[in-house]
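This briefing is for a reader meeting the structure for the first time. Please look over the sequence and the model before reading the points.

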Amino acid sequence: ARWRQEFHGFGVFDATTALAVQRGMAIEAELPQALSGGQLHLLYQPKLRPDGSLLGFEALLRWTSPALGPVPPAEFIPVAEACGLIGGITDWVAEAACAQLALWQARGGNAARAHVAVNLSAHDLERRDLFEMLTGALARHGVKATQLELEVTESALTRQPAQALQQLQRLHEAGFTIAIDDFGTGYSSLAKLVDLPIDVLKIDRSFLHQLPGDLRRERVVRSVVSLAHSLHLRVVAEGVESGSQMSFLQALGVHGLQGYLFGRPELPGHWQALMQQGRMPSEAELAPLDPA
Ligand code: C2E
Ligand code: MG
Ligand code: MG
Ligand code: MG
C-alpha cells in the first residue's frame, strides 16, 4: 500500500499545484482591469507613538475584482511583478496616497502632521523613473516629501543592491523617509544596513507572535531595538495585537506601534476621530482587548 500512499500524496500535490497555477492565471487575466476599471483602493492603518499619539498611516492596497472578488495583495502583487503590471500599480498607489495626504493636510491640525507610508516592490527600485514618478505625484497634490514614507523590504534591496542604494540615496536626499519593512525576515547583512540611507526599521510581525514570554524572541526584538537606537534609526513594530505586546515594546523604547490592537486597515473616513484628536480616542480602546 506504500506506493498507493505515495501515489495519492503525489496526486494531492499535483491538484494543489494545478489550482495555484489556475488561480495565478485568473489573476493575470483580470489584473489589467484592476487599474483601468477603477477596482483598486487604499486602506489606511494607523501607526501610533508609545504615548498613543498619531504618528502616521500605512497605505495598504486592496483589489476587488468583479470576477474574482477581493484578492489580497500578497496574492496579486507577485503576479503584477511577474507580468509587468507593478509599475502602473505603484503609480496609482503613489497618486492615491498623495491625494489622501493633501485632503488630510487641508484639514489642518493633527491631520496635517501625520505621514503616509506606501509600499514599494523590488521592481520599483529598478525603475529609472521612480524618482520622477514620486516627486511628480507630490507636486501634483502639493505634498512634501517628508510626509511620504517609502517602505521597502530587505529582499528588494538585495536584488540590485547598487541600483537600489543609488535610488534610495536620491530619494532620501529629497526628503522622503525610508523604512525597511518586515525587518528580520530577509537576509541582508547588518554590515550593509549601516551604509543604507534609511530612517526606520519595521520589525516583522512574525517576531511578535510569542511575545512576551518566548525568551529567545524577546531577546531578538530587544537587540533589534537597541541596534536601531545605536544607529539612530527609528523602530516601528508591526502586528501588535495584544496589550502585553504593547507594554513590552513600550518598555523597550520603540518609536511606533502598528497592529490590530489599534486598528485594522480601514477607509480614510474611519480615522476621522483619531485625526481630530491626534490620538486614540480613549485608554479603554487600547487596554482591555488583552485578557492577560
Ligand atoms: P506589509 O507592508 O508588511 O503590511 C502589513 C500587513 O500586515 C498588512 O497586510 C496588514 O493588514 C497586516 N497587519 C497589520 N497589523 C496586523 C496585526 O496586528 N496582525 C496581523 N495578523 N496582521 C496585521 P496586507 O494589507 O494584506 O498586505 C500584505 C502585504 O502586501 C504588505 O505587507 C505588503 O508587502 C504588500 N502590499 C500591500 N499594499 C501594497 C502596495 O500598495 N504595494 C506593494 N508593492 N505591496 C503592497
Ligand atoms: Mg509595509
Ligand atoms: Mg511590514
Ligand atoms: Mg510584514
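The points below are grouped by topic. The model is predicted. It places two magnesium ions, ligand 2 and ligand 3, 3.6 Å apart.

**Metal site**

- Aspartate 181 coordinates both the magnesium ion (ligand 2) and the magnesium ion (ligand 3).
- The pair links distant parts of the chain, with glutamate 58 in strand β2 (residues 54–65) and glutamate 151 in strand β5 (residues 148–153), 93 residues apart.
- For the magnesium ion (ligand 2), the protein donors are Glu58 through OE, Asn119 through OD1, Glu151 through OE and Asp181 through OD.
- These donors lie 2.0 to 2.2 Å from the magnesium ion (ligand 2).
- Along the sequence, the donor residues of the magnesium ion (ligand 2) follow the spacing E-x60-N-x31-E-x29-D.
- Glutamate 58 has a relative accessibility of 5% and glutamate 151 one of 1%; the cut-off for buried is under 20%, so glutamate 58 counts as buried, and so does glutamate 151.

**Helix α2**

- In helix α2 (residues 73–82), the buried residues are Phe76, Val79 and Ala80.
- Phe76, Val79 and Ala80 cover an arc of only 100° around the axis, and therefore sit on the same side of α2.
- An α-helix has 3.6 residues a turn, so residues three or four places apart point the same way.
- Ala74 and Ala82 are exposed on the other side of α2.
- Glycine 84 follows α2 and has a positive phi, near 75°.

**Backbone features**

- Aspartate 182 is not a glycine, yet its phi is positive, at about 55°.
- Aspartate 182 belongs to strand β6 (residues 177–183) and is partly exposed, with a relative accessible area of 23%.
- Histidine 232 also has a positive phi without being a glycine, here about 60°.
- Histidine 232 lies in the loop between α10 and β8 (234–237), where its relative accessible area of 73% makes it exposed.
- The peptide bond that joins leucine 211 to proline 212 is cis, with omega near -15°.
- Proline 212 is in the loop that runs between β7 (200–203) and α10 (215–230).

Conventions:
Residues numbered from 1 in each chain as written. Chains lettered and ligands numbered in written order. Predicted model: local features only at pLDDT ≥ 70, side-chain atom pairs only at ≥ 80, totals over all residues. Heavy atoms only, no water. Helix = DSSP H or I, 4+ residues; strand = E, 2+ residues; numbered from the N terminus. Buried < 20%, exposed > 50% of the residue type's maximum accessible area, 1.4 Å probe, protein only. Arc of directions from axis to C-beta. Donors = N, O, S within 2.8 Å, 3.2 Å for Na, K, Ca; no water.
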